[in-house]
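Me: Could you take one part of this structure and go through it closely with me? I'd like to see how that part sits in the chain as a whole.

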Amino acid sequence: MGKFYVTTPIYYVNDKPHIGHAFTTVAADILARWHRLSGDDVFFLTGTDEHGEKNQKAADAKGKTPQEFVDELAVVYKDVWKKINISYDAFQRTSSATHEAAVAEFVSRMEKNGDIYKGDYEGWYCTPDETFFTELQLVNGKCPSCGREVKKIREESYFFKLSKYQEKLLQYYDKNPEFLSPSFRADEIKNRVKDGLKDLSITRTAVKWAIPFPSNKEHTIYVWVDALISYLSGIGWPSGKSDSNNDARAYWPASVHLVGKEINWFHTVIWPAMLFSAGIEPPKKVFAHGWWTVDGKKMSKSVGNVVDPVEMADKYGADAFRYFLMREKPLGEDGDFSEKALIARINGELASDLGNFISRVVTLASRFDGKIEGTPELNVHLNAERINALIDNQELSVALEEIWLFLKSANKYVNDKSPWDLSGKELGNVLYNLIEAARIISILISPFMPETAVKINSQLGVHAGTLKDCRFTDFNGKITKGEHLFNRVQ
RNA sequence: AGCGAGGUAGGGUAGCAAGGAGUGCCCGCCGGGCUCAUAACCCGGAGAUCGGUGGUUCAAAUCCACCCCUCGCUACCA
């Protein structure tokens, strides 16, 4: 029984959550729930990244203070997570007082370590887009997003000596091969680090809605540096006080940061280097997940194909949506979302395989007036260790596949045994195997589909079990036929 | 351009590091079985020059070389 600390990125609150946010957060939720089932001491952190010029401008436009503005947006996130049953332990906001204190302390430690110096930041600025670009990003010397002229801007900035940590990072990667996950991302990062690291500009003078730089209040701290430190401030670092009233400092180093592949660089290079500088151990693993396309196209506001998790949960149920996200593609890979594919999985796997199985088993058992007992026979098809190992390795879609193999073997067992032709002890034995299989399946799917697990348990008349209960034992429940778990979508 | 990932029946995937008959899974299609169940469940079948060319080998989806195609990343006012 170990400690398990999992994080989602803290999301930039410029818009409401879409399927991408939901995907990361559901995956983290399942890892957290699974580790709770296995008896681990779990802490699950999510939150919102609330500083930056964009929020400042958006707030101005609405005649609100930035704080009022982000207060409203943070609630939107919390509501969505509630809707899809996210069981986070703390929700960290970068505009909170405890976070700001943590950032100031962290940056001061970096400075004491001699890793911060004053210099000039130089970049190409596109005035209409209000965005900075690097030399490399420019397309034919023009703005890469709108194609218009850009101008060179130079301003005073404090820099972090990222370059100093090149060797130390490479050593850390080699000693901790799991840190760069999935493995196919490792070479990508290593090669780029080997090519050399440039020092990082970590303060700004133009952004006011941000955390002040402690030793020069004319400057504010670059939002990414600010945001990364939330993984520490969210568990109460350094004071023991946190916004969740929970001193959880002992959970560090994090077991796994779940991040999108677009922000892998920040988490696997900049963040561990910052931690080295502040004298803190890096996280054990950063897992970069893939992206969703929608109906084969890139998801974007202008195309109008952004998938709203709340709409999906309303239409198909939170469990079905969660199941689809985890089953359709491996966490690390890209994949495609479509309602057609979602409906296919609901009808084929949730209604037909799972729902129908529970239905037929509960009906058979509820008509039986003998004692449901016997000898385990179906247990040979259950591979709980493998499922556990797969989830430990973030292979959630394969884990579901493995659970479904067990489910399918149970469905086959019904046909092979033809319990409708049996009676007495013989029937009691078949029902025993089926009911126990149903009870174990309910435990195994509970992290993925918590609402469904509750429904199955209530039909079987048993309490929610843990991973220890995933074995064939005596059945002591009371069967009550209930509603269908999932209805077919026409 | 550099770096990385990928191209396997109609669609989607696993297999590739440690070569051994195209082996597996899901959907779809065709045929059969069953009647407990949500027209569901179970069984069988058809369908693939494993992106292309060349090489290594007794043997290549798997190793090597070259080529074609698809996709991602390329960092700093997110």
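Reply: Start with the contacts, meaning heavy atoms within 4.5 Å. Among those in chain A between residues at least 6 apart in sequence, 76% join residues at least 24 apart. Bear in mind that this is a predicted model, where local features need pLDDT of at least 70, side-chain atom pairs count only at pLDDT 80 or more, and totals for chains, interfaces and linings use all residues. Residues are numbered from 1 along each chain as its sequence is written, chains are lettered from A and ligands numbered from 1 in the order in which they are written, and side-chain values use heavy atoms, with hydrogens and water left out.

On confidence, chain A averages a pLDDT of 89, and 94% of its residues score at least 70; pLDDT is the predictor's confidence in each residue, from 0 to 100. The model's scores are ipTM 0.88 and pTM 0.93. Where pLDDT is low, don't read the predicted coordinates in detail.

For the overall frame, picture the C-alpha atoms filling a box of roughly 85 × 45 × 40 Å along the principal axes. The radius of gyration of chain A is 26 Å, which agrees with the value near 23 Å that a compact globule of 490 residues would have. That radius is taken over C-alpha atoms, and the globule rule is 2.2 Å times the number of residues to the power 0.38. Of the 490 residues, 55% are buried, where buried means under 20% relative accessible area, exposed over 50% and partly exposed in between (1.4 Å probe, protein chains only). The secondary structure comes to 16 helices and 15 strands; these are DSSP runs numbered from the N terminus, with helices being H or I of at least four residues and strands E of at least two.

Now the part to look at closely: the six-stranded sheet. This open sheet runs E3-E2-E1-E11-E12-E7, with parallel pairing. At its edges are E3 (90–93) and E7 (180–181), each pairing on one side only. Two strands pair if DSSP finds at least two bridges between them.

Walk across from E1. Strand E1 (residues 3–12) pairs with strand E11 (residues 256–260) in the parallel sense over two bridges, and Val6 has Val256 as its bridge partner in E11. E11 then pairs with E12 over four bridges, again in the parallel sense, with Leu258 standing opposite Phe287 in E12. On from there, E7 and E12 pair in the parallel sense over two bridges, and Leu180 has Val286 as its bridge partner in E12.

E12 is a good place to think about the two faces. In a regular strand the side chains alternate between the two faces of the sheet. From E12, Val286 and Ala288 point one way while Phe287 and His289 point the other, and all of them are buried.

Next, what lies on the sheet? Helix H1 (residues 19–37) lies across E1, E2 (41–49), E11 and E12 (286–289), at about 165° to E1. Helix H3 (residues 66–83) packs on the sheet too, touching E1, E2 and E3, and its direction makes about 155° with that of E3. For these angles, axes are lines fitted to C-alpha atoms, for helices over the stretch in contact, and angles run from 0 to 180 degrees between N-to-C directions.

A couple of residues help to fill in the picture. Asn55 is found in helix H2 (residues 53–61) and counts as buried because its relative accessibility is 1%. Its side chain reaches the backbone oxygen of Glu50 at 3.0 Å, which falls under the polar contact rule: a pair of N or O atoms within 3.5 Å, where within protein one must be able to donate a hydrogen and the other to accept it, and residues adjacent in sequence count only if both atoms are side-chain atoms. Leaving out residues up to four places away in sequence, Asn55 touches several residues, including Tyr12, Asp49, Phe69 and Val70.

Ala248 sits in the loop between helix H8 (230–233) and E11. Ala248 is buried as well, with a relative accessible area of 1%. Apart from its neighbours within four places in sequence, Ala248 is in contact with Phe43 and Ile235.
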